[in-house]
Amino acid sequence: VERNDYPGIDIDYRGINPELRREYSAFLEQLRAMLSSDKQLSVRVELPQQVSADTWETGAYDWRAIGRVANVVKIPPTPDPRAYEPGGQMESMLNWAVGEINRYKIQLLLSTLSTEQVSGITRGISYEQALDPVGAVAIVGGENVVPPGAPVNFTLAGLQASTGIQF
């Protein structure tokens with residue numbers, strides 16, 4: 001980082017054994033000490049698990065210790081759309097997180113994927129996969145030639161066979 005004049009370093013270690021929490025924090029502290037003050041230290045953490053309304057388990061990632069040494073703390077949000085409702089899980093997590101990390105250091109890693117829920121399992125899917133079930137745009141009545149000024153009604157060819165669209 002110093003030799004090649006990089007602006008900083010991004011640490012993205014996942015799946016760390018929670019028993020190594022103290023060692024991981026010490027590693028980040030040593031790394032910060034080795035970087036000059038003009039270099040950025042960015043650390044990605046795992047999504048914490050909610051224990052109670054205002055308590056979260058962060059595993060190997062001591063958010064308070066990481067927040068002291070990192071310039072940026074990257075947090076992956078939950079893929080469950082219900083978590084983003086007012087008063088939902090994400091609001092609760094962020095309210096808790098700003099007590100652990102300076103709010104200006106928090107960066108949410110938002111996905112550009114769509115979300116599909118099947119049998120209680122949520123997964124990310126591409127934009128194309130999300131639109132496949134509703135089909136292509138079609139003109140209602142099948143007319144391809146429409147006189148000027150006439151209204152044109154469109155539909156999605158597969159919408160009637162699908163479960164619909166939810167926002």
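**Surface patch, helix faces and salt bridges in a predicted model**

Val 137, Val 146, Val 152 and Phe 154 together make a nonpolar surface patch of about 350 Å². The structure described here is a predicted model. Of the residues in this patch, Val 137 is placed in strand β9, which covers residues 137-139, and because its relative accessibility is 58%, above the 50% limit, Val 137 is classed as exposed.

Helix α1, formed by residues 21-34, has end C-alpha atoms 20 Å apart, in agreement with the span of 20 Å that its 14 residues should have at 1.5 Å a residue. The buried residues of this helix are Tyr 24, Ser 25, Leu 28, Leu 31 and Arg 32. When α1 is viewed down its axis, these buried residues fall within an arc of 120°, and they therefore line one face of the helix. On the face of α1 that is turned away from the buried side, the exposed residues Arg 22, Gln 30, Ala 33 and Met 34 are found. The cover over the buried residues of α1 includes strand β1 (8-11), strand β2 (40-44) and helix α2 (63-69).

A similar description can be given for helix α3, which comprises residues 89-100. The 12 residues of α3 reach 17 Å from the first C-alpha to the last, a value close to the 16 Å expected at 1.5 Å a residue. Buried positions in α3 are Met 90, Ser 92, Met 93, Trp 96 and Ala 97. Seen down the axis of α3, the buried residues fall within an arc of 155°, so that they line one face of the helix. Among the elements that cover the buried residues of α3 are β3, β4 (55-57), α2, β5 and β6 (106-108).

Two of the buried residues of α3 can be followed individually. Ser 92 has a relative accessibility of 17%, and it counts as buried because the limit for that class is under 20%. When residues up to four places away in sequence are not counted, Ser 92 touches Gln 50, Ala 53 and Trp 56. Met 93, which also lies in helix α3, is buried with a relative accessible area of 1%. With neighbours within four places in sequence left aside, the contacts of Met 93 are Leu 47, Pro 48, Trp 56, Trp 63 and Ile 75. By contrast with these contacts, the C-alpha atoms of Met 93 and Thr 115, which are 22 residues apart along the chain, are separated by 20 Å.

Val 45 is located in the loop between β2 and β3, the latter strand covering residues 49-52. The relative accessible area of Val 45 is 0%, and this residue is accordingly buried. Apart from neighbours within four places in sequence, Val 45 is in contact with Tyr 61, Trp 63, Ile 66, Val 73, Lys 74, Ile 75 and Pro 76. For one of these partners, Pro 76, the separation along the chain is 31 residues, while the C-alpha atoms of Val 45 and Pro 76 are separated by 7.5 Å.

A search of the whole structure identifies nine salt bridges. One of them links Asp 10 with Lys 74, the closest N and O atoms being 3.4 Å apart. Since Asp 10 lies in strand β1 and Lys 74 in strand β5 (residues 72-75), the pair ties together parts that are 64 residues apart in sequence. The partners fall into separate accessibility classes, as Asp 10 is partly exposed with a relative accessible area of 41%, whereas Lys 74, at 18% relative accessibility, counts as buried.

Further salt bridges involve the side chains of Asp 12 and Arg 14, which meet at an N to O distance of 2.8 Å, and those of Glu 46 and Arg 44, for which the N to O distance is 3.9 Å. Asp 12 is partly exposed, with a relative accessible area of 35%. Glu 46 likewise counts as partly exposed at 26% relative accessibility, whereas Arg 44, at 11%, counts as buried. Through salt bridges that share partners, Asp 12, Arg 14, Arg 44 and Glu 46 are joined into one network.

Notes
Residues numbered from 1 in each chain as written. Predicted model: local features only at pLDDT ≥ 70, side-chain atom pairs only at ≥ 80, totals over all residues. Heavy atoms only, no water. Helix = DSSP H or I, 4+ residues; strand = E, 2+ residues; numbered from the N terminus. Expected span 1.5 Å × (residues − 1). Buried < 20%, exposed > 50% of the residue type's maximum accessible area, 1.4 Å probe, protein only. Arc of directions from axis to C-beta. Contact = heavy atoms within 4.5 Å. Patch = residues over 30% accessible without salt bridge, like charges linked within 9 Å, V, L, I, M, F, W, Y side chains within 5 Å. Areas by Shrake-Rupley, 256 points an atom, 1.4 Å probe, with all protein chains shown as cover. Salt bridge = Lys/Arg side-chain N within 4 Å of Asp/Glu carboxyl O.
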